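Student: Please take a close look at the salt bridges in this model. Set them against the surface charge and the buried parts around them, and state the cut-offs as you go.

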Amino acid sequence: MAVHAAVRPKLKTSFKKARTIAPLYTSGAVAITSDGTRLVSCVAEDILLTNIENGLEICRFVGDTQPINSLCITPSSSHLLVFTASLSLRIYELPDSKEPSRSASRPPVHVCIADPTSTYLASGSADGVVKVWDILRGYVTHVRQRLTFHYPIDKSSVVVAQENRTMRLITASVDTRIRVFNLTEGASTSSGGGKPEAVLEGHVSVPRGLDSSAAPAKVKKSNRKTAALTPTLVKTVPILERVEAVGILRTDEDMEENQSWSLGVIKVWDGRGEVTEKLGQEHAVASEELEEQRQIMNILRVYLPSTSTVISVHADQNIIFHSLLDGSLSRQLIGYNDEIVDASYLSYRNSADSTRQRDSHVALAPTPPHPGHSEIVLSLDHSADGSVLASGSKDKTARIWAPVSAETDESGSTWGYGCVGVCEGHAESVGAVAMARGGDELKFMFTGSQDRTIKMWDLSVVPSLSSSDDGEVVRCKSLTTHKAHDKDINSLDDRTAKIFEIVYSVGAGGSVRGELKLMGTCKGHKRGVWTVRFGKAERVLATGSGDKTVKLWSLDDYSCLRTLEGHTNSVLRVDFLNAGQQLVSTGSDGLAKLWNIREEECVATLDNHEDKVWALAISTDERTIITGAADSVVTFWEDCTEEDESEKEAKRTEMALKDQDFMNYLSLHDYKRAIQLALAMSQPGRLLSLFKDVAASEEERESASLTGSEAVDEVIRTLSGPELAKLLRFVRDWNTNAKTSAVAQRVLFTVMKLRTADEVIQAFGDENTEKIFADGEDSSASINAPPTGRTALKELVDALIPYSERHLSRMERLVQESYVVDYILGEMDDGMFDNDLLSGDGDVMDIDV
């Protein structure tokens with residue numbers, strides 16, 4: 001029976017950036033389009049437009065580098081209106097306007113809202129003045145003294161009559177009063193005039209929210225034609241807690257409901273002042289910091305034909321979508337993760353049919369505390385089958401997370417993870433966790449802490465499915481505790497890596513025993529060791545250190561086998577790839593590097609981060625690499641080695657065919673196609689050989705053409721603009737070498753004779769235009785002032801003149817030297833004839849004149 005040798009997998013040489021999870025909200029205002037598909041949020045001084053369905057960034061709006069105070073979207077989703085700290089109003093057309101229009105607004109604007117017709121914008125500033133703006137024309141229509149429009153619209157009618165409806169503006173200010181202004185009958189007040197129709201009093205503190213119902217307001221007839229507004233206090237509802245905002249739900253039923261939110265929970269109240277529904281989960285307040293993080297800063301209401309959704313914006317940069325149909329959490333957008341400390345793939349197990357989706361989810365450990373931990377999570381790891389997650393935290397504990405069983409999931413969610421076990425016993429933060437890799441059942445887990453100890457935990461009693469989100473968790477038992485190092489285990493500052501043998505056994509009565517035996521120590525790093533990883537195919541160990549190197553160690557004699565150098569800062573994470581033939585490392589320099597272990601060389605560098613890359617995870621099929629950094633960016637890198645090789649092979653085939661075509665054109669003396677093909681392939685060498693051959697053939701034919709062939713002259717006469725510009729650039733390069741300068745000067749002379757100066761200038765202009773379209777640019781500057789190419793032509797001429805002058809001087813010296821040679825040869829000839837004549841009898845020959 002033939003035995004086939006093991007085939008080594010092909011080396012991976014290239015990864016491309018497939019997707020990036022970047023911050024989409026840090027602070028400030030948030031707005032959403034009326035159809036609920038696009039979200040506008042603030043990231044520092046930038047404005048992002050995000051697709052809610054897939055979380056991808058649609059575009060960014062260029063601001064004025066100043067903080068954004070307030071923004072809103074018109075109900076028609078046609079314009080975005082932004083007030084910044086530069087005291088300006090910027091109006092963007094959704095979704096692809098490049099140049100915003102600007103209008104002045106003196107004091108800083110803190111709040112703004114658009115009217116239901118998408119015609120007017122009301123802004124409230126720090127000086128207590130409310131201005132009403134015409135959006136399209138950009139001027140102030142009214143000036144008034146928290147604000148909303150009251151303008152009922154019959155949405156079933158396409159054309160709405162304007163005569164019988166009144167537009168009112170309702171404002172709330174720090175004096176606790178609510179004022180109602182009539183914008184339809186009120187005069188335009190650039191001077192600030194115009195009295196309110198009504199002033200509502202009753203609050204004892206600053207109003208935090210304001211909204212009006214769509215139902216007609218109660219009015220009474222006066223002597224004038226217009227109706228006077230007479231609002232009365234209907235009911236006061238004691239909330240008994242701090243309210244951050246309030247809004248009225250517009251439903252199809254006759255009963256109107258309103259909502260309020262505090263402590264991270266949205267409460268829906270009916271007209272009788274009773275709570276009908278709570279959206280979100282109430283958490284026990286552990287500290288003032290956690291309370292502030294859960295606090296709801298803003299709320300957005302979106303009503304779709306098929307669903308009704310309430311969107312809450314929290315102080316921890318989370319944007320949560322609540323369904324009003326069943327009260328469940330339908331979607332959550334993480335606005336900002338701060339530092340990504342660790343990452344791990346998860347293979348979610350479906351409890352209904354016990355199937356497992358390989359690498360279906362990614363677990364991230366951001367800097368903000370996880371709901372299960374009271375402090376930040378420092379490390380993650382998954383079980384052998386990828387369905388169970390372990391996390392180590394700064395709160396000195398490690399927790400085990402398992403998929404939530406569908407039978408006990410009260411929220412109605414199709415998936416989730418719940419805490420099933422907790423490991424308590426360390427005296428300091430847990431900076432490293434590692435779960436057993438053998439088999440699909442949970443056996444044991446190791447944790448490393450800053451208390452310099454390693455603990456082995458028994459996981460045999462931990463369930464692989466969570467019974468409920470708030471169920472009892474198992475207190476895991478510590479099998480052994482071993483003092484491993486003299487420094488923190490999260491970062492091994494003693495510059496060593498120690499290898500232990502694991503002894504795990506299960507007794508007859510079900511008793512579990514675990515021990516650790518020191519087998520060897522790997523010494524060689526000059527600074528602390530940040531990461532360790534065992535090889536997947538060979539008995540090797542990889543370590544990354546603060547000395548900027550990755551070392552590979554033999555598990556047989558614990559000697560250093562390889563040292564990989566290339567990072568410019570500490571190496572933070574390493575992992576093996578491609579059956580142990582390659583290795584991936586990340587560092588504090590913001591780079592991820594792919595190494596060929598056998599050749600000890602870096603074959604690819606992945607660059608998409610601006611800070612330390614703490615997190616590294618590789619999919620089971622090794623086609624995707626995930627990196628997470630301190631810049632709050634998570635990048636998905638996909639293997640594109642086969643695509644790149646196919647593309648290179650296609651280019652080589654295409655180039656071979658073009659080379660053959662070029663040779664065929666030369667043999668047929670089809671100089672036009674040969675020159676155009678050489679220009680298209682950007683091969684100045686072939687073009688130079690062509691002009692040399694043509695010039696040599698001229699001497700044989702004694703042609704009177706400029707280049708040596710009338711056909712070549714005609715080709716240069718009829719070259720297109722970009723082709724002529726490329727030819728002149730080749731001439732510039734040829735002119736720098738004395739060996740090729742003769743051809744360069746001949747071609748340059750031909751161009752100057754056959755083409756006018758305007759045609760040469762236009763050639764460079766056409767080339768710039770082609771580059772703009774090829775790059776996809778669409779700047780207004782290029783449209784208003786088309787490129788003329790004068791700058792590029794000037795640079796070309798500046799490069800040609802010095803070398804041409806040098807060649808001219810060289811030729812003049814050669815001509816002068818040729819005169820000397822002629823004189824010497826002449827003198828030598830005269831001397832020989834004189835000697836012959838004088839060697840005779842001395843008779844002088846008579847010469848007839």
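**Salt bridges and their surroundings**

Tutor: Of the 849 residues in the protein chain, 44% are buried (under 20% relative accessible area; exposed means over 50%, partly exposed in between, with a 1.4 Å probe and protein chains only). The model is predicted, so local features need pLDDT of at least 70 and side-chain atom pairs count only at pLDDT 80 or more, while totals for chains, interfaces and linings use all residues. Residues are numbered from 1 along each chain as its sequence is written, and side-chain values use heavy atoms, with hydrogens and water left out.

The protein chain has 10 helices and 53 strands (DSSP runs numbered from the N terminus: H or I of at least four residues for helices, E of at least two for strands). About 46200 Å² of the protein chain is exposed, and carbon and sulfur atoms supply 50% of that area (Shrake-Rupley method, 1.4 Å probe; for residues, only the protein chains shown count as cover).

Now to the pairs themselves. Side chains of opposite charge can pair when their charged atoms come close. Searching the whole structure gives 22 salt bridges (a side-chain nitrogen of Lys or Arg within 4 Å of a carboxyl oxygen of Asp or Glu). One of them joins D381 to R437, with 2.9 Å between the closest N and O atoms. D381 belongs to strand 32 (residues 377–382), whereas R437 sits in the loop between strand 36 (430–435) and strand 37 (444–449), so this pair ties together parts that are 56 residues apart in sequence. The two partners also differ in cover: D381 has a relative accessible area of 9% and is therefore buried, while R437, at 45%, is partly exposed.

Two further pairs lie within helices. In helix 2, E654 and K658 are 4 residues apart, about one turn of the helix. Their closest N and O atoms are 3.3 Å apart, which makes the pair a salt bridge. E654 is partly exposed at 43% relative accessible area, and K658 is partly exposed at 23%.

In helix 5 (residues 710–718), R717 and E714 are 3 residues apart, again about one turn of the helix. They form a salt bridge whose closest N and O atoms are 3.4 Å apart. R717 counts as partly exposed, with 40% relative accessibility, and E714 is partly exposed with a relative accessible area of 40%. Elsewhere, salt bridges with shared partners join D46, E57 and R60 into one network.

Charges without such a partner come next. R452, K483, K487, R495, R527 and K548 form a patch of positive charge on the surface (a patch takes residues with over 30% relative accessible area and no salt bridge, like charges being joined within 9 Å and nonpolar side chains, namely Val, Leu, Ile, Met, Phe, Trp and Tyr, within 5 Å). Lys and Arg count as positive and Asp and Glu as negative, with His and the chain ends not counted; a charge is placed at NZ of Lys, CZ of Arg, CG of Asp or CD of Glu. Within this patch, K483 lies in strand 40 (residues 477–483) and is exposed, at 57% relative accessible area.

A patch of negative charge on the surface is formed by D338, E339, E610 and D611. D611 is in the loop between strand 50 (601–607) and strand 51 (613–618), and is partly exposed at 31%.

The buried surroundings can be sampled at three places. T641 is in helix 2, which spans residues 641–667. At 5% relative accessible area T641 is buried, and, residues up to four places away in sequence aside, T641 touches L11, K12, T13 and S14 (contact means heavy atoms within 4.5 Å).

In helix 3 (residues 671–680), the buried residues include Y671, A674 and I675. Just after helix 3, S682 has a positive phi of about 55 degrees.

V574, in strand 47 (residues 571–577), is buried at 1% relative accessibility. Its contacts, leaving aside neighbours within four places in sequence, include T531, R533, L583 and L616. The C-alpha atoms of V574 and K593 are 9.5 Å apart in space, with their positions 19 residues apart in sequence.
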